[in-house]
Every structure is written in structure tokens, then in C-alpha cells.
Amino acid sequence: MTSEEIVGKVKAALGEDVQAGDVVLGDAVIHVLPGSLVKVLTFLKGDPDLVFDYLCDIRGVDYLEREPRFEAVYEFHSMEKNHSIRVRVGLPEENPTLPTVTGLWKSAVYPERELYDMFGITITGLANLKRLIMPEGWVGHPLRKDYPLTTEDVVFTYNRDFKQELVKPKPSLR
């Protein structure tokens, strides 16, 4: 199937569950609401013409100045049919939440934990929702665009006096 045919089939079969569908640079892309995600993905995996059996990637995007602020982007491929699709889910700034898709793809566990850890997107139904990359006590979510980039001054050539405060001589051991 071509990307146009994939988008057309998904839009025809799911109607209101698909907000938009398009072909972007040759790739099939559909936009869905968080509440429709599992229904849409179940269709994509189970339809005999589509058979999207391989979850390639799940990633987050932060569009700081836009509504919805966050997006979760799912990439799927059909090993049998050799075609792909991208599913985009917009999420609000306040309480961004998605249902887990581990019931359909077991490999979604770690990408979903990474979404939680890096963006603060809560995944409902995920058995082990805890930080994956950052330490457990870490405050904040580093891939959000409003996350502070640094917490200490960096020494450059123009602030050498500050460097003297940072670099102290080692105490003698004797």
C-alpha cells in the first residue's frame, strides 16, 4: 500500500478517532487524541491490510509556545507489508497523560518510561512507572524546553576571577 492509501484506509475505518491524516515527505502520518490512542493502534496492528507489527520508536516533543504543548510520536512498521506510519498524539501542558500500549507491544515499556522521565508525560496502566535515565530523586524533566540548562556558573576566559573561587589548592596529606 502507498502512504496515501494507508492514511485513507485509517481515516475511513476510524472516522472521528483520527483528527487528521496526511502524507508528509512520503510518510503516512495521522493525528489522534489520547483517549483514542489504544483503539487506533489496535486497528493498525490487527487490520490484515496494514499489520503494523513492529514498534520502531516512541518519542516526545515539546512545543513550548504552542497548544497542545507536548506530542508523543509513535513510529510503526509492517514487516510483512513493508510500509510505515507515524502516529502523533497532542498532549496539554497541564497533566499530560497517555495510556500504555504495552498490551499491544511489549517493547513499549522502556520508551514509555523515557517519556515519563524526560518529559513528565504520565503513562497510565504502565506497571513500573519510574525514572529510567535520571536518578530517582531528580527534580524536573530535562527535555522540557523550560528546564533550566545549568545550575552553576561556567568558567570562561572573561571571568577568570571566578575561576579562582572554584579551583582551590588540594590540602596536603601530611
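This is a short tour of the structure, one selection at a time. The model is a predicted one, so keep that in mind as you click along.

**Stop 1: the core**

Start by selecting Val10, Leu44, Tyr74, Val87 and Leu98. The largest nonpolar core has 36 residues, and these five touch the most other members. Now colour the elements that feed this core: helix H1 (3–14), strand S2 (27–32), helix H2 (37–46), strand S3 (54–62), strand S4 (70–78), strand S5 (83–91) and helix H3 each supply at least two of its residues. Which element gives the largest share? That is H2, with five residues.

Keep valine 87 selected and show what surrounds it. Leaving aside residues up to four places away in sequence, valine 87 touches Ile30, Val32, Leu37, Leu41, Leu44, Ala72, Val73, Tyr74 and Phe76.

**Stop 2: the aromatic rings**

Next, select Tyr74, Phe76 and Trp105, which form one aromatic cluster. A pair of aromatic rings is described by the distance of the centres and the angle of the planes. There are two aromatic pairs to look at. Tyrosine 74 and phenylalanine 76 are stacked, with 6.2 Å centre to centre and 5° between the planes. Phenylalanine 76 and tryptophan 105 make a tilted pair, with 4.6 Å centre to centre and 35° between the planes. Phenylalanine 76 lies in strand S4 and tryptophan 105 in the loop between S6 and H3, so this pair ties together parts that are 29 residues apart in sequence.

Are these rings buried or exposed? Tyrosine 74 is buried, at 0% relative accessible area; phenylalanine 76 is buried, at 1%; and tryptophan 105 counts as buried, at 4%.

**Stop 3: a neighbour in the loop**

Step along to lysine 106, in the loop between strand S6 (97–99) and helix H3 (109–119). Lysine 106 counts as exposed because its relative accessibility is 67%, and the cut-off for exposed is over 50%. Add leucine 55 to your selection: the two residues are 51 apart along the chain, yet their C-alpha atoms are separated by 9.3 Å.

**Stop 4: helix H3**

Select H3 and show its buried residues: Pro111, Glu112, Arg113, Leu115, Asp117, Met118 and Phe119. They pack against S3, S4, S6 and S7. Just after H3 comes glycine 120, with a positive phi near 80°.

**Stop 5: charged pairs**

Side chains of opposite charge can pair when their charged atoms come close. The model has 14 salt bridges. Stay on H3 and pick aspartate 117, which meets arginine 131 in a salt bridge (2.4 Å, N to O). Arginine 131 sits in the loop between S7 and H4, 14 residues away from aspartate 117. Both aspartate 117 and arginine 131 are buried.

Then select Asp27, Asp57, Arg59, Glu75 and Arg86, which are joined into one network by salt bridges that share partners. One of its links is between arginine 86 and glutamate 75, at 2.6 Å from N to O. Arginine 86 is buried, at 18% relative accessible area, and glutamate 75 is buried too, at 14%. Another link joins aspartate 57 to arginine 59, whose closest N and O atoms are 3.2 Å apart. Aspartate 57 is partly exposed, at 31%, and arginine 59 is partly exposed, at 34%.

**Stop 6: a nonpolar patch on the surface**

Finish with Tyr110, Leu132 and Ile133, which form a nonpolar surface patch with about 290 Å² of accessible area together. Isoleucine 133 is in the loop between strand S7 (122–124) and helix H4 (160–166); with 49% relative accessibility, isoleucine 133 counts as partly exposed.

Key: Residues are numbered from 1 along each chain as its sequence is written. This is a predicted model: local features need pLDDT of at least 70, side-chain atom pairs count only at pLDDT 80 or more; totals for chains, interfaces and linings use all residues. Side-chain values use heavy atoms; hydrogens and water are left out. Helices (H or I, at least four residues) and strands (E, at least two) are DSSP runs, numbered from the N terminus. Buried means under 20% relative accessible area, exposed over 50%, partly exposed in between (1.4 Å probe, protein chains only). Patches are made of residues with over 30% relative accessible area and no salt bridge: like charges are joined within 9 Å, nonpolar side chains (Val, Leu, Ile, Met, Phe, Trp, Tyr) within 5 Å. Accessible areas come from the Shrake-Rupley method with a 1.4 Å probe; for residues, only the protein chains shown count as cover. A salt bridge is a side-chain nitrogen of Lys or Arg within 4 Å of a carboxyl oxygen of Asp or Glu. A nonpolar core is a set of buried Ala, Val, Leu, Ile, Met, Phe, Trp, Tyr and Cys residues joined through side-chain atoms within 4.5 Å. Contact means heavy atoms within 4.5 Å. Rings of Phe, Tyr and Trp (its six-membered ring) pair if their centres lie within 6.5 Å; planes under 30 degrees apart count as stacked, over 60 as edge-to-face and the rest as tilted.
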